[in-house]
Amino acid sequence: MPKLLKGNSVIDNSWQVLAKDFTGALPDTPCFVPLEYWLANKENLQTPETIGVWLDSDQEPEEIAGDIEDLQYLAVNFPTFTDGRGFSIARLIRDRYQFTGELRAIGEIVRDQLFYLSRCGFDAFCLAPLELDQETRSFEDYLSPFSVTYQASANEPQPLFRRKQG
Amino acid sequence: MYIYDLHDKTLIGERVAQYRRQTDDYLAGKISDGVFLPLRLQNGLYIQRHAPMLRINIPYGMVSATQLRTLAHITRKYDKGYAHFTTRQNIQLNWPQLEEVPDILAELAAVDMQSIQSSGSCIRNVTSDEFAGINADEIEDPRPWCEIIRQWSTLHPEFAFLPRKFKIAVTGAASDRAAIQVHDIGLQVLKNANDEIGFKVLVGGGLGRSPAIGQVIKDFLPAKHLLTYLEAILRVYNRYGRRDNKYKARIKILVKAWTAEVFAEKVEKEWQQEIGSPSTLTDEVIKNAKAFFTSPTYENLNAVSCEENLQTFAAENVAFGKWRDRNVVAHKVAGYCAVHLSLKPTGVAPGDVTDSQLEAIADLADRYSFSEVRVTHHQNLVLGDVKLSDLPELWQAAKRQGFATPSIGTLVDMICCPGGDFCSLANAKSIPVAEAIQRRFDDLDYLYDLGDIKLNISGCMNACGHHHVGNIGILGVDKKGEEFYQIQLGGSAVDEASLGKVLGPSFYAHEIPDVLERILNIYVEQRIEGETFLDTHRRIGTGPFKEFIYAKAA
């Protein structure tokens, strides 16, 4: 069974990510459908416990803004770990569209990005098996290497200068 | 200057621990080269031609005597006893060991210094004007705003993997001394008709392979909206900047492709969604930031009698008078001045300093200028608050240490990148060309007669030596394995900024001093009373230079 980092524990991941050009009938397992598929078929996809939507880094989260309340699972793809568009997409999904379900980072991400990813609103991370298995350190070292942050972010609505004033 | 509080100290301490762990994992083979690359770059560590290079931030150019002493110690302990000041108010070590970088960062952190985001595709060290807070033409001190930007950009979670590097500069003066027009974002602090503070915002300036002058996208941004507006620009760039080709990934390419108007509209739309969000600056945070940049306790000096004494001293010491004319700058407070310490003596790479020179600079700062030093983007240093009455003594001390080359602003006060001697990107050497020019043009009276000329040299088209904005720019190029040098005329990064135009076919290194001399002869023949080289070039164009140079060469 593939694994997933959720919170700071490694759990089984039974979800499939369907290809960007996927058409046809859905598998029996829980799955993330691509954005286009969702937009074309959403009336028939109203089982939010087992159907989520994934966005690629060049797609517009605005397109699912109206569906946010109907969804419990969203995923954002990182084609390479240096493609930082997913960080902005996550913040829009969390801060602007107020998504409260699970937001999963998929694609190529690395452990040393967990801090920034979680600050941008991701709370589940599909790390490569190597990144998960080889790890001897606590994931907490990667999720929270800093006790100080200057900016407002998805998990901290106030910037430091306002927190200091408070 | 800004003093780190407990939050700042904790953060850089945690950064050292994080980077130590990353380095350990890399050395243990648990992080691949490809993954380690951006991690080390975001701590300023490049792998260069001979060794790693570590770039250390000097935010908006302010450095204390204590920090300079630590830098001196680090160059001795971990490097070869010297360091290099860059054109963006940073300092670089050329020979650190990768394994020792965490220790270097720990030593820096002990004196509130860091190298966070000093390279890589992220928001870089924010730069400013070396005369911030002391020049009479200033509308508003830019440094409190720089510090607010420094904190906001440090470990910003959304903007650590941008399409490309991102540079922000702020000026608070009527005259642009921070080269804001050739930055990804340039900010000019100004006041509106109601005396409220705000910013003129430029985007899309930059040098490199496709040089561009920044364009105004907001005439007046009220100050409290600074961070929400910057976030809007960065978010638009992060989402839509090109990622398919690193040479087309800077924001200037996006602004050009969309036009400045369309880019401004996109930013405006994004910003409207965030206006008034908690990142909006409070009066208190602005007040707190400004409190770090109040004037030091200036003495009440009799400027008139100081001036008389200096005139007498200059009459007996001609060299002092020349040095003062070129290297000393007026101050907003009567009886004080700002003094350039030149890092351009002949035979030394521009911007290079030894460990003992760093300590000597610290001593001069302690003795003459409230223990603070400013780094200029022309690779010199400035003591910002010197009493006029101390000038003769300071001049003699600076001479002893090799900082009194009386050439600030002249042809030989060159900007020059490390070039092919050090940098793995370079197509050609730059430092030997600079030295050959300094050796040829060693007659001070001739240099003074030529007046203000900016000569900038880059060893490749990445343009670290800012050749596009030199009044005379020299660019090293590689043709079939041989090094050649192209000359450009008419660039400028100040006020009416312009990019230089190529003179014509390139030259061998050994031809450069002769070619330069002929260019200068044309200027001297053609100039009208009071014209600088740039003025004359703007009036007559490149044509007359071109005709003369290539006719003679043929």
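The legends below describe close-up views of chain B in a predicted model.

**View 1. Packing of helix α14 against helix α16 in chain B.** Helix α14(B), which spans residues 431–440, packs with helix α16(B), residues 512–526, at an angle of about 55°, and the axes of the two helices lie 9 Å apart. Because of that angle, which falls in none of the parallel, antiparallel or perpendicular ranges, α14(B) counts as oblique to α16(B). The crossing in which α14(B) passes α16(B) is right-handed.

**View 2. Residues at the contact of α14(B) with α16(B).** From α14(B) the contact draws on B:Val433, B:Ala436, B:Ile437 and B:Arg440, while α16(B) contributes B:Ile512, B:Pro513, B:Leu516 and B:Glu517. By class, 6 of the residues in this contact are nonpolar and 2 are charged, with no polar residue among them.

**View 3. Strand β7 of chain B and its parallel pairing with strand β6.** Strand β7(B) covers residues 185–191, and 5 of its 7 residues are buried, so the strand is largely enclosed by the rest of the structure. Strand β6(B), residues 168–171, runs parallel to β7(B) and is joined to it by 4 bridges; in one of these pairings, B:Thr171 has B:Gln188 of β7(B) as its bridge partner.

**View 4. The hairpin formed by β7(B) and β8(B).** Strand β8(B), residues 197–203, pairs with β7(B) in the antiparallel sense over 7 bridges, and B:Lys191 stands opposite B:Ile197 of β8(B). The two strands of the hairpin have 5 residues between them, and in the turn B:Asp195 has a positive phi of about 70°.

How values were computed
Residues numbered from 1 in each chain as written. Chains lettered and ligands numbered in written order. Predicted model: local features only at pLDDT ≥ 70, side-chain atom pairs only at ≥ 80, totals over all residues. Axes fitted to C-alpha atoms, helices over the stretch in contact; angles between N-to-C directions. Parallel < 35°, antiparallel > 145°, perpendicular 65-115°, else oblique. Left-handed = near helix turned anticlockwise from the far one by under 90°. Contact = placed C-beta atoms within 7 Å. Nonpolar A, V, L, I, M, F, W, Y, C, P; charged D, E, K, R; others polar. Buried ≥ 20, exposed ≤ 12 C-beta atoms within 10 Å, placed from the backbone. Pairing = 2+ DSSP bridges.
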